[in-house]
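Grab a coffee and work through a few exercises on the model shown here. Each task comes with a solution that goes step by step.

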Amino acid sequence: MSILVSKDTKVLVQGLTGGEGSFHTRQMLEYGTGIVAGVTPGRGGEKFNGNVPVFNTAEEAVNSTGANASVVFVPAPFAADAVLEAAACGLDLIVCITEGIPTLDMVRVKQFLQGRETRLIGPNCPGVITPGACKLGIMPGFIHQPGRVGVVSRSGTLTYEAVWQLTERGIGQSTCIGIGGDPVVGTTHLDALKLFNDDPDTDVVLMIGEIGGTAEEEAAAYAKEHMDKPVVAFIAGRTAPPGRRMGHAGAIISGGVGTAQSKIEFLRRAGVTVAESPAEIGQVLATVL
Amino acid sequence: MLCIRELFRWGIFLKIHEYQAKQILKTFGVPVPAGEPCTSSDQVAELGAKLLEAGKPLVVKAQIHAGGRGKGGGIKLVKTVREAVSAARQLLGSKLITPQTGPEGRLVSRILVEQGIDIESELYAGITFDRATIRDVFMVSTEGGVEIEKVAAKTPEKIHKEYIDPIFGINTYQARSLAYKLNLAPEVTKEAAKVFLSLYAAYRAKEASLAEINPLVVTGEGTVLALDAKMNFDDNALFRQKEVAAMRDPGEEDPLEREANEFGLNYIKLNGNVGCMVNGAGLAMATMDIIKQAGGEPANFLDVGGSANAETVGNGFRIICKDPNVGAVLINIFGGIVRCDRVARGVVETLGNLKTDMPVVVRLQGTNAEEGKKIIEEAELGFRWADTLKKAAQMAVQATSSSAPGGAR
């Protein structure tokens, strides 16, 4: 049954009438995503593509169409507000594609979401896809194939690369989640691993991480304690020079963690199979099937 | 040390000069020494005469975006206006080399001239955002004036922290609690708490990603004052922080990086000889990794972003080739939103016009990859096509060893 999105997901697109929004809405419709409404303030009453009704507010859209998920293409200065609007309507899932949202805006969003049932994916992410069923985002649909590997990643195109390596080997995916790489994100690697662990249709999880922070370590620690499904990982940034400090205070916070090597070692100790090369992600994953 | 990746993911934080940070802090009520920035020795002479008080020295400080200025000779203590002018002449227009600038140093085009301060003790105060807790963390220490990472590594118990909800802001008790940790005289404790409230107010109002006072000094008169100041800002918030955005100093940026920035490209110059152009930061990092695994060294990080069209590809390529170390260029684009045939057409169009003899390896995968391959191969411009990431890296590394080394070009 996969996670987060399925054939039954009724999707609302916020920022539908913008350039990005309309282009990707067409792509999502082509993929078979159940897009039921769009929201652009001031454009209420229009029809997109001849059949998708556009509303001025998310509330109207939800009341008229029963939408239970949203994908956000609203420009950065207004994107956080769009997420808040969708969350206030009690949607199950919000996928925020927008890049460049101020950190402080995301802190507000995180607080607003606390104690609510709404799950946020992103921002600054490619979105989420259950191959063959529902695509909520900007990833190329055709590289995916239905199957039983769950994919979670901080990156965009690197995820496509990894998924493509799986599909080329005939290894399908249950759901692929791009969680985004901003300082404050709605869903973390750890959250995604929990979801995949509870999903009877996922057998293996592929986690694509990057240097910096401790999100991958936290997820791996959980996997070691609670998961009986194998986890395969790739960490990008082994060659990134540790130059250009952000500032003293920042370095103290991150406590010296976050080099690719320390991360890889931590993951291995937690029982995660780590691919050494980005060209070998598919190959390594095939070994645990 | 934070890594390159973090800068990309979390914004390339706008940095400003010490004098600018002090201007901001002053408007929020943080006491700073009397002083002003100068760009000429004439200005220094005029300002020096105004600032000089009997028995008190003047301080001349080079304004560059790098730490360790004291060690590099960028901070000079002088007793007379004449000495101040001579220090200014020495610094202005010179390249200052500090432990953080690299061997090439940084051009000093501005200095800050301030009244000297009678220092009783040196403290540390800094605020930044902690992703793990989604809180601001306010840190203070009695060990000011030294590298705070060293304090954190050797004596972490000497760093005191308060976590602050950015939405609520700092509570007075938190500032007080931090101040009491510093074992100051009662009157000074009050002053310090006030400074902490002001520092946080400035950090929060300007949407800084870092605000640091090191050292925060207690003066002989028992007042508390910011002897140095450093602020970085959330780039994503600059659209509404106009005053901060105007403080950007393009002179402090690497010329190639600045040029790339103007074209909307994420470029960081590195030390290797394999240039690379990739769409997406994660894939760009992975491409650098695989170049290294193939036995080469990446010359740069370049993310052309979501719209890898003829223009961005051309601009990216020109910038990569301006680095004299580059012996081959690897173009790795995964076509998602951007179609490979369009990227291929862009590559052929712009690179064909450039008439470059630079070895170019092209690897396009994803949407319309086959059409892209056809366009590249039919163009007969000598581009080498690679189907896989591994092959592409190997071919690019090989091309650098068979082509003339950068210097001889």
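The exercises below cover confidence, fold, cavities and backbone oddities.

This is a predicted model: local features need pLDDT of at least 70, side-chain atom pairs need 80 or more, and totals for chains, interfaces and linings use all residues. Residues count from 1 along each chain as its sequence is written, chains are lettered from A and ligands numbered from 1 in the order written, and side-chain values use heavy atoms without hydrogens or water.

**Exercise 1. Find where pLDDT stays under 50 in chain A and in chain B.**

Step 1: start with the scale; pLDDT is the predictor's confidence in each residue, from 0 to 100. Chain A has a mean of 90, with 93% of its residues at 70 or more. Chain B averages 89, and 94% of its residues score at least 70.

Step 2: look for the dips. In chain A, residues 243-256 stay under 50, and the model gives them 43 contacts (heavy atoms within 4.5 Å) beyond four places in sequence. In chain B, the stretch 1-11 stays under 50 with 49 such contacts, and so does 404-409, with 8.

Step 3: handle with care. Where pLDDT is low, don't read the predicted coordinates in detail. For the complex, the predictor reports an ipTM of 0.89 and a pTM of 0.90.

**Exercise 2. Work out the strand order in the two open sheets of chain A.**

Step 1: take stock. Chain A has 10 helices and 14 strands; these are DSSP runs numbered from the N terminus, with helices being H or I of at least four residues and strands E of at least two. Its radius of gyration, taken over C-alpha atoms, is 19 Å, close to the 19 Å from the globule rule (2.2 Å times the number of residues to the power 0.38) for 289 residues, so chain A is as compact as a globular protein of that length.

Step 2: trace one sheet. Its 7 strands run β3-β4-β2-β1-β5-β6-β7 with mixed pairing, where a pair needs at least two DSSP bridges. The edges are β3 (47-48) and β7 (119-121), each pairing on one side only. Inside, β1 (11-14) and β5 (69-72) are parallel over 4 bridges, and A:Val13 has A:Val71 as its bridge partner.

Step 3: trace the other. The order is β9-β8-β11-β10-β12-β13-β14, again 7 strands with mixed pairing, and its edges are β9 (134-137) and β14 (273-274). Strands β10 (146-153) and β12 (204-210) run parallel, joined by 5 bridges; A:Ser153 partners A:Ile208.

**Exercise 3. Say what lines the second largest cavity.**

Step 1: set the rule. On a 1 Å grid over the protein atoms alone, a cavity is a set of points where a 1.4 Å probe fits but cannot get out, and lining residues have an atom within 4 Å of a point. Points join across faces, edges and corners, and volume is the space filled by probe spheres set on them.

Step 2: count. There are 3 cavities of 30 Å³ or more, and the second largest holds about 60 Å³.

Step 3: read the lining. It includes A:Met139, A:His144, A:Tyr160 and A:Cys176. Strand β8 (127-130), helix α5 (157-168) and strand β11 (173-178) of chain A each supply at least two residues.

**Exercise 4. Which residue does a cis peptide bond join to A:Gly122?**

Step 1: the partner is A:Pro123, with omega about 10 degrees. A:Pro123 sits in the loop between β7 and β8 of chain A.

Step 2: check chain B. The bond from B:Asn214 to B:Pro215 is cis too, with omega near 5 degrees.

Notes: On a 1 Å grid over the protein atoms alone, a cavity is a set of points where a 1.4 Å probe fits but cannot get out, and a pocket is an open set with protein on both sides within 12 Å along at least five of seven lines; lining residues have an atom within 4 Å of a point.
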